[in-house]
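Reader: I am new to this structure and would like a close look at a single part of it. Please take me slowly through its pockets, and begin with what is meant by the word.

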Amino acid sequence: MMKPYERYRTRRLLLALTAAGGLLLTACSGGGGSSEGSNAADRDTSGLPAPAHGDKDGTSEQEDQDREAAPDHLSTFALDVDTASYDYARRALADGRLPDPSTVRPEEFVNSFRQDYERPDGDGFSVTVDGARTDDEDWSLVRVGLATRTTQRTGERPPAALTFVIDVSGSMAEPGRLDLAQESLSVMTDRLRDDDSVAIVTFSDEAETVLPMTRLDGNRDEIHDVVSELHTRDSTNLGAGVETGYETAVEGLREGATNRVVLVSDALANTGDTDADTILERISGERREHGITLFGVGVGSDYGDALMERLADKGDGHTVYVSDEDEARKVFCEELPRNIDLTARDAKAQVAFDPETVEEFRLVGYDNRRVADEDFRDDRVDGGEVGPGHTVTALYAVRTEPGAGGHLATATVRWLDPDTRDPHEESGDLETDALHESLRAAPSRFRVTAVAAYFADALRSGDDRYDRIPGAPVSFAELAGSARALAGTTEDRAVRELAEAIEQADRRRD
């Protein structure tokens, strides 16, 4: 007897052959974690959804057939490597309060932890798709993991031209804000290469360029002096700071270098433009013409999370949050210099679930990063920027048809080459028989992903009775126990800190 997924593939093939007048479609499948590549630059595929299974290119006729067969089988989102939401939640819990649910973004919790995805040999992405069944009947968690090549040695990356936009408004006088930025910038100045360049812009009620673009070689003392002399003043005109920062970056633009604006602020804007879209519109020319990306560093116990996230997401960059010296040193002295280079621009992912095996699905998080399915291959639609050494994880709750077997999903990532803007794609498949029989039987890194997502979901719900992600533990205490066990298995400090954060949330909830 023909299996369900074989009937589905055969039906699609026959329909496509009829509609396309003999066009041959190649249907290919793999086990969990498989990866295949294609270069979409050879023909115009803008506006077409990724294939439901195997086919790397498509036709408009095939798109219509897929929609008729399964109109809701696609999920599309822009890639996101932000982690600010998780770090800010940890800060709130350490201060003795639960984070505001509106600041909790599950994808940033999930992406805060190391993964063991296979890395690609060259530029671009590898695609890993795996999953595990939960204790809830017919529900599974499916993980889509994307990874770029490991970070090159420092000497192999292009030189950097970094424009730091530093908030020196009155609120930055609080310990752990401007003082933290100054110390971190000083250490970073010593660690950057001689051929790197730095500019510094400050803003309070007005913005000022206090250091034009300056090579590190022979000028480190001057840069240290400028950093040490920073002091707080009046209100927060963040819009003026960003605009002046981009103007300064363009004036000091270096061909062949990675040009980036680094915004350090508590994002509590109260003067001038306070709307992210308005601020970004004022710098749209610089962003589009010169490809200058924005890296947001959030600080402070009171933090304008929504504004900073919006600026970074729409400003072709990402955000982090730092609350202490160790985190600041890691961001400024390790992550920023190491990830100056870009691997992909406008990267988007699309997951096609097989309608023969999947009854329903839900993407966990990425609420602000959703993309219309028909825009997956429209390269004019904004995606995410990803550097070398990054991983991106998306978790889905998937309900399968009772007793269904065969192909479950195909995940495809599409991105533009940072230099040539040529589009590329890579895909991976998952079969139902590759699902782990339970979360307990899944690999430790998969379980860390699940625990992080469950934690975010519980914080965002604000109620233990909330209809949570399938398979969620019934309490914070049970979730903390799972995290503690994983901390021992992985010997990972970050997982231990996750367990501590869950325990703090449990105490705050009482």
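Author: A pocket here is an open set of grid points at which a 1.4 Å probe fits and which has protein on both sides within 12 Å along at least five of seven lines, and a residue counts as lining a pocket if it has an atom within 4 Å of one of those points. The model in which the pockets were found is a predicted one.

With that in mind, the second largest pocket holds about 600 Å³ of space. Its lining is made up of 27 residues, and those that lie nearest its centre are A257, T258, R345, P418 and D419. Two elements, β8 (258-265) and α9 (284-290), each supply at least two residues of this lining, and α9 has the largest share, with 3 residues. By character, the lining of the second largest pocket divides into 11 charged, 9 polar and 7 nonpolar residues.

The largest pocket can be described in the same manner. About 1,200 Å³ of space lies in it, and of the 35 residues that line it, T83, S112, F113, K330 and E335 are the closest to its centre. At least two residues of the lining of the largest pocket come from each of α3 (84-94), β10 (318-321), α11 (325-338) and α14 (493-509), while α11 gives the most to that lining, namely 7 residues. Charged residues number 14 in the lining of the largest pocket, beside 11 that are nonpolar and 10 that are polar.

Terms used. Residues are numbered from 1 along each chain as its sequence is written. This is a predicted model: local features need pLDDT of at least 70, side-chain atom pairs count only at pLDDT 80 or more; totals for chains, interfaces and linings use all residues. Side-chain values use heavy atoms; hydrogens and water are left out. On a 1 Å grid over the protein atoms alone, a cavity is a set of points where a 1.4 Å probe fits but cannot get out, and a pocket is an open set with protein on both sides within 12 Å along at least five of seven lines; lining residues have an atom within 4 Å of a point. Grid points are joined across faces, edges and corners, and a volume is the space filled by probe spheres set on the points. Helices (H or I, at least four residues) and strands (E, at least two) are DSSP runs, numbered from the N terminus. Ala, Val, Leu, Ile, Met, Phe, Trp, Tyr, Cys and Pro count as nonpolar, Asp, Glu, Lys and Arg as charged, and the others, Gly among them, as polar.
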